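Let's take a walk through this protein together. Please keep the viewer open and turn the model as you read.

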Amino acid sequence: MEKDNPTQFFTIPGQPLPKPRMVGGTKWWNKGHKRYWDYLNSASEIVWAEMKNQGWKTIESDVGCNITFYRKGKKRADKDNLEKSIYEILAKAKVVKNDNQITEGYEKIFYDCDEARVDIFIKKL
């Protein structure tokens, strides 16, 4: 039976990747874009499987989202683009119907971590 859970927590293992800039529309593509779309698909599958395992259903109301990024190495990443990638993952995995439902958020990035991952805490508003 599916439950309407007011809070949800997900961990996505692996190096978090920022959403790349699309230049020239959909005709322009490079290795970075492929790596991002592979990340988006695999992370969405992880989140979707956890939702199914917990019996959670898609949230239809506005939500708040706290995201903590743990990145290996010291190379900096754009926080806004990291955030966009997670919002796309949440929409693709059907955690929310549309990423515009995420009306409140807090993000933090840690660099030079032993274990790369993303921790996501979602609450209904």
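Buried means under 20% relative accessible area, exposed means over 50%, and partly exposed lies in between, using a 1.4 Å probe and protein chains only. By that rule, 40% of the protein's 125 residues count as buried. Before going further, please note that this is a predicted model, where local features need pLDDT of at least 70, side-chain atom pairs count only at pLDDT 80 or more, and totals for chains, interfaces and linings use all residues. Residues are numbered from 1 along each chain as its sequence is written, and side-chain values use heavy atoms, with hydrogens and water left out.

Start with the parts list. Helices (H or I, at least four residues) and strands (E, at least two) are DSSP runs, numbered from the N terminus. The protein has two helices and four strands, and from the N terminus on they follow the order β-α-β-α-β-β. Contact means heavy atoms within 4.5 Å. Among contacts with a separation of 6 or more, 86% come from residues 24 or more positions apart.

Now look at the sheet. Strands of a sheet pair through backbone hydrogen bonds, either parallel or antiparallel. Here two strands are said to pair if DSSP finds at least two bridges between them. The four strands form an open sheet in the order β1-β4-β2-β3, with mixed pairing. Its edge strands are β1 and β3 (102-110), each of which pairs on one side only. On average, neighbouring strands of this sheet are turned by 15° against each other, direction ignored; the axes behind that angle are lines fitted to C-alpha atoms (for helices over the stretch in contact), and angles run from 0 to 180 degrees between N-to-C directions.

We can cross the sheet one pair at a time. Strand β1 (residues 7-13) runs antiparallel to strand β4 (residues 117-124), and seven bridges join them. In this pair, Pro13 stands opposite Arg117 of β4. On to the next pair: β4 and β2 (residues 63-70) are also antiparallel, joined by eight bridges. Tyr70 stands opposite Arg117 in β4, while Ile67 has Ile120 of β4 as its bridge partner. Finally, β2 and β3 pair in the parallel sense over eight bridges, and Gly64 has Glu104 in β3 as its bridge partner.

How many of the eight residues of β2 are buried? Seven of them are, so β2 is mostly covered. Cys65 sits in this strand and is a good residue to zoom in on. Cys65 counts as buried because its relative accessible area is 1%. Leaving out residues up to four places away in sequence, Cys65 touches ten others, namely Tyr87, Leu90, Ile102, Glu104, Gly105, Tyr106, Glu107, Ile120, Phe121 and Ile122. One of these, Tyr106, is 41 residues from Cys65 in sequence, yet the two are 6.5 Å apart in space, C-alpha to C-alpha.

Two other residues give a contrasting view. Lys92 belongs to helix α2 (residues 79-92) and counts as partly exposed because its relative accessible area is 44%. Apart from neighbours within four places in sequence, Lys92 is in contact with Leu40, Asn41 and Ser44. The C-alpha atoms of Lys92 and Trp48 are separated by 8.5 Å, with their positions 44 residues apart along the chain. Glu60, in the loop between α1 and β2, counts as exposed because its relative accessible area is 62%. Glu60 touches Lys97 and Gln101, not counting residues up to four places away in sequence. Val96 is 36 residues from Glu60 along the chain, and their C-alpha atoms are separated by 6.3 Å.

Last, the empty space. Rolling a probe the size of a water molecule over the atoms shows where empty space is left. On a 1 Å grid over the protein atoms alone, a cavity is a set of points where a 1.4 Å probe fits but cannot get out, and a pocket is an open set with protein on both sides within 12 Å along at least five of seven lines; lining residues have an atom within 4 Å of a point. The largest pocket has a volume of about 240 Å³, where grid points are joined across faces, edges and corners and a volume is the space filled by probe spheres set on the points. Its lining has 13 residues, of which Leu17, Pro18, Arg35, Arg71 and Lys75 lie nearest the centre. Helix α1 (residues 31-54) supplies the largest share of that lining, three residues.
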